[in-house]
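Thank you for making the time this morning. I would like to walk through one chain with you, going from its surface to its strands and then to its charged pairs.

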Amino acid sequence: MGFYACTILLAVLIVGSAITPALGAQLEATLNPDVNSSPFKITYQRTAFIEYPVDSPLSEYMQTNAWILEGSAGIDDPGVQSLQDSLNQNIRGDGAISSVNDLSVEYSFQLTGRNVNTSLDFKVQLEGYITDYVITKDQLRTLIDMGWRGLSTDESIVIDGIDVNIPLNMLQESDPSIYNLVRNTEAGDILATPMINADFILEQPLENWHFLFDPTGINVDAGLYGISDELAGQVRSSWTMGESSIREGIQVEREWHASVAGSTHPDIPGAISFDLRAVQSADQANLHALGFGAIDRLEGVEIIGVTPTAPDDFATTSTGNFPVVIIYGMAGLAAIGGVAFFIFSSRSLKKEKQGQQGIDPSQLVGYQTSAASGGYQTNRGEAQLRDDSDYQQTRSYYEEMDTSEPDTEYSDTEDSGSTSASDSAPTTDSTQAPTCACTEILESSSECDCQMQTSCYCDSTCQCPSQVCTDATR
């Protein structure tokens with residue numbers, strides 16, 4: 001079961017990686033204020049799906065249908081000239097003074113039929129130059145027109161006999177069967193939406209775009225380790241849009257839906273029902289200017305003022321203008337918070353109880369847990385509290401097994417050190433001395449050595465004269 005699950009997951013990943021997202025308009029341009037013409041590139045993409053039931057007559061007709069159309073044309077083509085004139089007319093309508101020049105067009109249309117749907121992929125790419133964007137220039141700064149970026153047209157643009165702007169018209173020439181299927185329906189209205197449209201790029205104010213100032217080209221390390229000719233000796237300002245943010249809002253893909261029931265087709269018997277879904281991602285744009293750019297407006301049109309270097313007190317991040325004083329201020333507040341935390345922790349520790357914690361060693365007393373066997377005496381013992389109030393919690397395991405009083409009492413020197421006679425000896429009469437012993441025990445054939453010659457052992461159980469034990473102890 002696990003093998004089949006892994007196989008299915010792998011297949012999904014492979015199929016998903018092979019699917020190209022339907023991106024909207026994507027604009028790239030770098031403006032040089034020292035010249036009056038800079039290159040640009042913009043790409044328009046859209047994908048549409050005609051969906052139908054499996055094993056239906058439409059499925060049998062469409063699943064074997066597949067084709068691709070590709071082509072390119074330069075400014076010499078009448079269709080490209082018409083597109084350039086239409087773009088410039090639209091730029092003038094937006095109040096800008098810039099123009100598109102030396103335009104070229106590449107297009108790619110692909111249809112792929114399947115048993116559950118048929119996909120239509122449309123792509124148009126424009127390359128050329130933006131000219132006349134410099135409004136004025138002096139020794140301090142250069143004003144650049146930025147109102148040209150809404151590169152759009154609603155007109156039909158025919159190149160090589162194919163309308164590259166209106167997908168429905170393109171189908172009429174390249175695939176009449178699909179055109180007959182969707183014409184005069186809501187699905188046909190969706191396919192009639194122009195491809196070349198970048199109005200959203202213009203409608204999104206530059207103040208909402210991400211801004212980044214890059215001084216890499218003039219850094220000392222750049223000259224030392226090398227840098228590309230494009231950046232050498234230049235600083236760069238960049239504005240980027242297309243990512244969801246608080247300022248730009250949520251960028252979502254655009255979708256169009258249509259359901260068609262009861263449609264007819266000359267090559268397919270009976271009534272036909274299908275759904276059409278068109279998808280286009282949010283527009284994206286990356287605009288660069290050589291120098292430090294500051295956004296402004298002139299007669300309602302967005303412009304940027306470009307200077308060779310940034311002001312001395314300016315610092316930015318990818319999220320826009322952000323003064324250095326705020327950055328260091330936030331770092332300072334974090335440091336103050338850390339110091340306050342350590343001071344509070346130190347005061348809390350000082351309030352806690354100091355000194356000995358747990359059981360005081362002076363309240364422990366040695367207690368023997370082994371007995372002599374023949375002529376051999378072991379040194380086993382344990383420590384217990386001198387106070388009997390907690391005796392039940394510290395009582396000896398051996399004492400539970402043998403409640404009789406041992407013949408001898410001996411303090412374990414290893415666990416508790418030497419213990420006074422008054423702490424460990426049982427009560428005796430006046431003629432007997434309390435338990436006493438030397439610090440080392442030698443093997444002896446006798447358990448009692450009142451002469452203190454070999455075993456150096458003497459206690460009350462041996463009935464030794466008290467004076468002998470007292471002298472030996474002393």
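Let me begin with a question: which residues form a nonpolar patch on the surface? In this model, which is a predicted one, the patch is made of I97, I135 and L298, and together these residues have about 220 Å² of accessible area. I97 sits in the loop that runs between α3 (78–93) and β4 (99–113), and because its relative accessibility is 43%, I97 counts as partly exposed.

Now to the chain as a whole. Its secondary structure comes to 14 helices and 22 strands, and of its 474 residues, 38% are buried. The accessible surface is about 27100 Å², with 53% of that belonging to carbon and sulfur atoms. If we take the contacts with a separation of 6 or more, 67% of them are between residues 24 or more positions apart.

Among the strands, I would like to dwell on β11, which covers residues 236–241. Five of its six residues are buried, so strand β11 is largely enclosed by the rest of the structure. Strand β10 (residues 210–214) runs antiparallel to β11 and is joined to it by five bridges, and one of the pairings there is L212 with S238 in β11. Strand β14 (residues 284–290) also pairs with β11 in the antiparallel sense, over six bridges, and here R236 has L290 in β14 as its bridge partner.

Let me turn next to S259, in strand β12 (residues 254–265). Is S259 buried or exposed? It is exposed, because its relative accessible area is 57%. Once the neighbours within four places in sequence are set aside, S259 is in contact with F274 and D275, and with D275 there is a polar contact of 2.9 Å between the side chains. The C-alpha atom of S259 is also separated by 8.8 Å from that of R277, a residue 18 positions away along the chain.

R277 brings us to the charged pairs. Side chains of opposite charge can pair when their charged atoms come close. The structure holds five salt bridges, and in one of them the side chains of R277 and E51 meet, at 3.4 Å from N to O. R277 belongs to strand β13 (residues 268–280) and E51 to strand β2 (residues 37–51), so this pair ties together parts that are 226 residues apart in sequence. R277 is partly exposed, with a relative accessible area of 25%, and E51 also counts as partly exposed, at 26% relative accessibility.

A second salt bridge is that between E302 and R149, whose closest N and O atoms are 2.4 Å apart. This pair links distant parts of the chain, with E302 in strand β16 (residues 301–307) and R149 in the loop between β7 (142–145) and β8 (158–159), 153 residues apart. E302 is buried, at a relative accessible area of 6%, and R149 counts as buried at 0% relative accessibility.

The last pair I will show is D283 with R254, where the closest N and O atoms are 2.8 Å apart. D283 lies in the loop between β13 and β14, while R254 lies in strand β12, 29 residues apart. D283 is buried, with a relative accessible area of 0%, whereas R254 counts as partly exposed at 30%. Finally, R149, R297 and E302 are joined into one network by salt bridges that share partners.

How values were computed
Residues numbered from 1 in each chain as written. Predicted model: local features only at pLDDT ≥ 70, side-chain atom pairs only at ≥ 80, totals over all residues. Heavy atoms only, no water. Patch = residues over 30% accessible without salt bridge, like charges linked within 9 Å, V, L, I, M, F, W, Y side chains within 5 Å. Areas by Shrake-Rupley, 256 points an atom, 1.4 Å probe, with all protein chains shown as cover. Salt bridge = Lys/Arg side-chain N within 4 Å of Asp/Glu carboxyl O. Helix = DSSP H or I, 4+ residues; strand = E, 2+ residues; numbered from the N terminus. Buried < 20%, exposed > 50% of the residue type's maximum accessible area, 1.4 Å probe, protein only. Contact = heavy atoms within 4.5 Å. Polar contact = N/O pair within 3.5 Å; in protein donor to acceptor, adjacent residues only side chain to side chain. Pairing = 2+ DSSP bridges.
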